[in-house]
Amino acid sequence: RWEEERYPEGIKWKFLEHKGPVFAPPYEPLPENVKFYYDGKVMKLSTKAEEVATFFAKMLDHEYTTKEIFRKNFFKDWRKEMTSEEKSTITNLSKCDFTHMSQYFKAQTEARKQMSKEEKQKIKEDNERLLKEYGYCVMDNHKERIANFKIEPPGLFRGRGNHPKMGMLKRRIMPEDIIINCSKDSKIPSPPPGHKWKEVRHDNKVTWLVSWTENIQGSIKYIMLNPSSRIKGEKDWQKYETARRLKKCVDKIRNQYREDWKSKEMKVRQRAVALYFIDKLALRAGNEKEEGETADTVGCCSLRVEHIKLHPELDGQEYVVEFDFLGKDSIRYYNKVPVEKRVFKNLQLFMENKQPEDDLFDRLNTSILNKHLQDLMEGLTAKVFRTYNASITLQQQLKELTNPDDNIPAKILSYNRANRAVAILCNHQRAPPKTFEKSMMNLQSKIDAKKEQLADARRELKSAKADAKVRRDEKSKKTVESKKKAVQRIEEQLMKLEVQATDREENKQIALGTSKLNYLDPRISVAWCKKWGIPIEKIYNKTQREKFAWAIDMAEEDYEF
DNA sequence: TTGTAGACTTGGAACAATTTTA
DNA sequence: TAAAATTGTTCCAAGTCTACAA
């Protein structure tokens with residue numbers, strides 16, 4: 001259905017109408033009996049100061065609030081919201097006692113959980129109304145779901161990892177901050193009474209409906225459409241088509257960079273080694289970042305000398321590179337990789353006379369790399385390698401792991417294993433769930449119980465058989481049959497549980513979601529489901545099926561990535 | 001060439017809803 | 001039927017990459 005209209009270069013839509021954003025609910029002051037204490041004495045805060053104090057109080061149980069930087073940033077920003085009297089009294093965060101406030105919020109949460117069915121129902125209906133009213137827009141001839149129509153509420157910024165700005169106040173966004181984007185001939189959304197938009201524009205070269213500038217990094221935030229929308233789906237499809245084009249020329253590119261390892265030019269050698277890492281290890285490009293503005297994380301081009309160790313020999317392997325660095329979201333990348341001798345020698349060369357904190361690829365950045373890639377293939381950038389290698393790995397692993405004789409749960413285990421191979425390649429990790437050990441034990445006891453049940457059923461079958469042999473009548477024959485079926489059923493259940501246990505154990509620290517949603521050409525999965533008669537619901541939940549509707553429509557069982 | 005704003009994708013954790021279990 | 005476990009959804013931060021100006 002997307003092929004209906006063709007747009008001229010750069011034009012994203014012709015008609016766009018929406019209702020504008022939903023703002024965060026206004027601050028509700030605390031009841032009189034909820035106290036804040038400073039230096040052991042009750043202190044009544046001004047509304048503005050109180051609001052910011054509640055942000056801190058709500059996080060009191062979190063490790064964040066014990067961190068030096070968090071406390072420093074918070075206190076600095078909090079003081080800005082205080083009246084001059086408050087400012088002169090409250091000079092030390094350690095003397096602030098938020099525990100009463102914190103208890104109050106905990107009680108509120110508890111009360112919310114204990115609400116009656118009717119009350120919960122009412123909240124649900126209110127949410128649905130809001131969604132119906134503000135959650136959709138019309139883009140060209142389609143009604144589309146909006147991904148994030150609610151403006152982010154004010155609060156304390158929590159970066160990931162060791163973020164220098166953690167604890168800073170994320171200010172409340174007002175209509176005066178908001179830029180509305182829609183078409184001229186649409187019904188333009190009206191700002192809340194007594195307010196004005198910052199700007200209304202009609203830019204059909206972009207896909208966003210609403211934008212504002214956030215105060216922590218000064219970056220722009222957007223309201224955009226849901227992944228199920230035409231505009232996102234088409235782009236997603238294109239992404240995989242680009243990766244498939246890479247498939248056709250990847251051998252040539254690999255030969256090229258292997259040649260370039262020998263280049264006379266340092267820049268070319270560095271480029272070639274970096275590209276090799278991006279290709280072989282699925283590293284991210286690694287843009288430069290402004291120092292002190294964000295956590296210290298790196299990608300390929302921004303690797304520093306301190307992030308790798310060279311081992312001429314390690315555990316019986318030659319030329320091993322040991323990687324240890326923090327990547328996106330401060331997730332650690334740790335890997336020991338044997339590499340070609342030439343790569344190893346080049347790395348030694350790149351590291352010569354450098355300090356640990358110096359760039360490994362000092363003649364290279366993402367812009368140079370991507371320009372080169374653009375010359376190798378139109379539309380090729382560093383991230384395409386991640387998409388390509390992820391998708392090709394899934395396809396190849398599915399081929400290798402799927403056993404035609406397996407039943408459905410076993411086949412799904414194979415799918416998850418293929419998915420897992422990709423997640424490991426892309427270093428998609430998660431914190432092991434807090435209840436992991438316990439849930440593993442529960443599952444094991446279920447398995448044990450099932451085994452006993454199976455033994456019982458087998459015994460019963462045996463005696464039924466013996467009985468039938470003696471009696472030789474229809475009724476006892478029937479009993480044998482039904483006992484046989486029972487054994488079979490229990491065997492199947494046991495197998496299912498065992499598969500589940502394996503799957504869970506292997507998945508302890510691996511996050512499958514990101515690769516499934518962003519890196520794996522969905523047509524590979526759709527084709528696999530069709531080929532083996534696996535219902536697509538077993539692989540994709542409702543949201544995922546909506547996002548991948550285009551692929552479910554398009555792919556047949558013989559689809560090749 | 002370098003710097004910066006802007007637009008869009010990718011990412012894990014927190015939270016909420018649903019299902020299973022005791 | 002409540003609580004626990006599991007699964008799905010939301011949140012919003014943190015990347016990539018392009019365009020454009022100096």
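**Close-ups of a predicted model**

**View 1. A loop residue just past helix α8.** Asparagine 353 lies in the loop between α8 and α9 (366-376). Helices here are DSSP runs of H or I with at least four residues, strands are E runs with at least two, and both are numbered from the N terminus. This is a predicted model, in which local features need pLDDT of at least 70, side-chain atom pairs count only at pLDDT 80 or more, and totals for chains, interfaces and linings use all residues. As for bookkeeping, residues are numbered from 1 along each chain as its sequence is written, chains are lettered from A and ligands numbered from 1 in the order in which they are written, and side-chain values use heavy atoms, leaving out hydrogens and water. Back to the loop: asparagine 353 has a phi near 55°, a positive value in a residue other than glycine. With a relative accessible area of 79%, asparagine 353 is exposed (buried means under 20%, exposed over 50%, and partly exposed in between, using a 1.4 Å probe and protein chains only).

**View 2. The buried side of helix α8.** Which residues of helix α8 (residues 341-351) are buried? They are Val343, Phe344, Asn346, Leu347, Phe350 and Met351. Look down the axis of α8 and these buried residues fall within an arc of 160°, so they line one face of the helix. The arc is taken from the directions that run from the helix axis to the C-beta atoms. Here's the handy rule behind this: an α-helix has 3.6 residues a turn, so residues three or four places apart point the same way. What do the buried residues of α8 pack against? Their partners are α7 (266-281), β13 (308-314) and β14 (317-326), with contact meaning heavy atoms within 4.5 Å.

**View 3. Two hairpins that share β14.** β13 and β14 pair in the antiparallel sense over 6 bridges; two strands count as paired if DSSP finds at least two bridges between them. Histidine 311 sits opposite valine 320 in β14. This hairpin has 2 residues between its strands, and aspartate 315 in the turn has a positive phi of about 50°. On to the next one: β14 and β15 run antiparallel too, joined by 7 bridges, and leucine 326 stands opposite arginine 332 in β15. Here 5 residues come between the strands of the hairpin. Aspartate 329 lies in that loop between β14 and β15 (332-338), and its phi is near 60°, a positive value in a residue other than glycine. Aspartate 329 counts as partly exposed, at 39% relative accessibility.

**View 4. Around DNA strand C.** How many residues surround DNA strand C? There are 28, and the closest are Lys221, Gly286, Lys383, Lys438 and Thr543. Sugar and phosphate account for 90% of the strand's atoms that come within 4 Å of the protein. A residue is near the strand if one of its heavy atoms lies within 4 Å of it. By class, the surface near DNA strand C has 4 nonpolar, 12 polar and 12 charged residues. Nonpolar covers Ala, Val, Leu, Ile, Met, Phe, Trp, Tyr, Cys and Pro, charged covers Asp, Glu, Lys and Arg, and the others, Gly among them, are polar.

**View 5. Zooming in on the phosphates of DNA strand C.** A phosphate oxygen is 2.9 Å from an N or O atom in the side chain of asparagine 287. For lysine 289, a polar side-chain atom lies 2.7 Å from a phosphate oxygen. Lysine 383 uses a polar backbone atom instead, 2.7 Å from a phosphate oxygen. The elements giving two or more residues to the surface near the strand are α10 (382-401) and α12 (436-471). The largest share, 3 residues, comes from α12.

Notes: Polar contact = N/O pair within 3.5 Å; in protein donor to acceptor, adjacent residues only side chain to side chain.
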